[in-house]
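Student: I would like to practise reading a structure with you, feature by feature. Could we begin with how strands pair?

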Amino acid sequence: MRNRQTADLYLPRPILMTERRIQTFHVTTFGCQMNLADSSTLVSSLVTRGFRRVEKTADADLIVLNTCSVREKAEQRVIGRLGELSHLKKHKPWIRIAVVGCMAQRWGSDLIKQVPHVDYVLGTHRVFELPDVIEGREGTSPVMTAFGHENIDLIQPVKETPYSGFVTISRGCDNFCTYCIVPHVRGREQSHSVAHVVDAVCRMVAEGVVEVMLLGQNVNSYRYSGTDFPGLLQRVARETDIKRIRFMTSHPKDLSDRLIEVLAEEPKVMPHLHLPLQAGSDSVLERMGRKYTLVHYLKIVDSLRNKLDYLSLTTDLIVGFPGETRDDYQMTLDAVRSIQFDSAFMFRYSVRPGTKAAGLIDDVPETEKIARLNQLIDLQQAISYDRNQREVGQIRHALIEGYSRRSDQFARARTEGNKTVLFRTETPAIGKIMPLRITTADAFTLHGEPVEELTHA
Ligand code: SAM
Ligand code: SF4
């Protein structure tokens, strides 16, 4: 007892310290561009309410983790980060920790039961209420996950660099692919109005943005008052001064001929399509609930390549889905070989509790999933290398984004096909679009030289 009293003399006084007012905050974002866009909106709403953003977590009174639930690994990273933050909170008991977004939605109050030093848990539709919650406004509580309270017009465009940014065109997803947690944690699809999207792009242009990425889980099902996605693309191209437009993600079941026409006709729309295939076997695609066959996918690719002079095609692939046999997997390898993607995001299947596929037997052993994934990565890497060799000798118009991450003797730019190209210069014209002749390439990066310099040489 005496020891404890003596020790108390040297400890911070918890009650007083925990009452300290929150003045500064730090937001860490996990996961996709959609989360980056949400974090940016959250930052603006906190700043508007008088909180000050700080660079380092250690300087923040409020630490926000905007989370991802797509794969188990993504959630484990958040749990790991929360473990680190428990040490910080021991030294600074007044700090507040907020977990927001997809993982907050999925776990709800269980998160606080499992990680008691978490103070606030706000699901995907409640993220922007964080300033109200920390101020203890009436009607709020530390755990809020109910859907249907989202004011989607709050969502702000977000800059990736001073010259490029994201604009969210729709939220949520109605597709319920059987492996995917997104519809469960983000709710039903809602499209932003055409006016909201056009206005967001205009505001970005006014701030110097040259290239915009329109974001949605499935942009092809965008619909607002009779305007579909190709219509929206045309309106953004024609009614704004943006120079380049990209979009992500396209679901093959909803990709229309009209979209291919717009890709071919609108010079501002970049010739890059991210079109997740997921698997090459029809029986796996069916069990994934993807609602297309490999033949349908191949027809789209043929049509795109026939109508466009140049197309960079990228995809997502999953190996080890429940019931995937060696033959099924071989069909994915064959499809990848025949389609020749420029690059791919490749994943091994991760069970997501609450999804339909979680009710199937996860029967591909982990070691086999890893072996399949490694083989697929090796194959795609060789294909990416070949695809990039085709770029050599071509002139690409690339948006200069800054210096190379490895050397300030080189500038980093992005081609029409969304490929990174490096070229030697000491004074890059950052934010400008410049013609570059591609000189060499590996599987990941192109190297080039400015065409003007070549002409003057
Ligand atoms: N809406 C997009 C679409 O339709 O492709 C992307 C959604 S998801 C965030 C991105 C990718 O993660 C998916 O295309 C899929 O390949 C992968 N993915 C989703 N759930 C997964 C799971 N349970 N296990 C492994 N990969 C998964
Ligand atoms: Fe998930 Fe499928 Fe929706 Fe993409 S389309 S977010 S993979 S459910």
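Tutor: Gladly, and keep in mind that this is a predicted model. Start with one pair of strands: strand 16 (residues 312-319) and strand 17 are parallel partners, linked over six bridges. One of the pairings to look for is Thr314, whose bridge partner in strand 17 is Ser343.

Student: In what order do the strands of the open sheet lie?

Tutor: The open sheet has three strands in the order 15-16-17, with parallel pairing. Strand 15 (272-274) and strand 17 (343-348) are the edge strands; each has a single partner strand, so one side of each has no neighbour in the sheet. From one strand to the next, the twist averages 10 degrees.

Student: How should I think about side chains along such a strand?

Tutor: As a general idea, side chains in a regular strand alternate between the two faces of the sheet.

Student: Which helix lies across strand 16 and strand 17?

Tutor: That is helix 15 (residues 366-389), and its direction makes an angle of about 175 degrees with strand 17.

Student: Which strands close into a barrel, and in what order?

Tutor: Five strands do, in the order 18-19-20-22-21, and their pairing is mixed. Here the twist averages 55 degrees from one strand to the next. Within the barrel, strand 19 (residues 410-414) and strand 20 (residues 420-424) run antiparallel and are joined by five bridges. To find your place there, look for Ala411, which has Phe423 in strand 20 as its bridge partner.

Student: How many residues lie between strand 7 and strand 8 in their hairpin?

Tutor: Two residues separate strand 7 and strand 8 in the hairpin. Strand 7 (residues 158-161) runs antiparallel to strand 8, and three bridges join them. Val158 stands opposite Phe166 of strand 8.

Student: Let us turn to empty space. How many cavities of 30 Å³ or more does a search of the whole structure find?

Tutor: The search finds one. The largest cavity holds about 30 Å³ of space. Its lining consists of Ile155, Gln156, Pro157, Val167, Thr168, His196 and Ala200. Strand 8 (164-168) and helix 9 (194-206) are the elements that give two or more residues to that lining, and strand 8 is also the hairpin partner of strand 7.

Student: What classes of residue make up the lining of the largest cavity?

Tutor: Four are nonpolar, three are polar and none is charged.

Student: And which residues are around ligand 2?

Tutor: The shell consists of Cys173, Asn175, Phe176, Cys177, Tyr179, Cys180, Val182, Pro183, Gln217, His251 and Arg290. By class, the shell around ligand 2 has seven nonpolar residues, three polar and one charged.

Student: Last topic: what should I look for in the backbone?

Tutor: Begin with the general expectation: most peptide bonds are trans, and most residues other than glycine have a negative phi. Then look for departures from it.

Student: Where does Thr249 lie, and what is the peptide bond from Met248 to Thr249?

Tutor: Thr249 is in the loop between strand 14 (244-248) and helix 11 (257-265). The bond from Met248 to Thr249 is cis, with omega near 5 degrees.

Student: What is phi of Ser225, and where is Ser225 found?

Tutor: Phi of Ser225 is near 45 degrees, a positive value in a residue that is not glycine. You will find Ser225 in the loop between strand 12 (223-224) and strand 13 (227-228).

Notes: Residues numbered from 1 in each chain as written. Chains lettered and ligands numbered in written order. Predicted model: local features only at pLDDT ≥ 70, side-chain atom pairs only at ≥ 80, totals over all residues. Heavy atoms only, no water. Near = heavy atom within 4 Å. Nonpolar A, V, L, I, M, F, W, Y, C, P; charged D, E, K, R; others polar. 1 Å grid on protein atoms, 1.4 Å probe; cavity = no way out; pocket = protein on both sides within 12 Å on 5 of 7 lines; lining within 4 Å. Points joined across faces, edges and corners; volume = space filled by probe spheres on them. Helix = DSSP H or I, 4+ residues; strand = E, 2+ residues; numbered from the N terminus. Pairing = 2+ DSSP bridges. Axes fitted to C-alpha atoms, helices over the stretch in contact; angles between N-to-C directions. Contact = heavy atoms within 4.5 Å.
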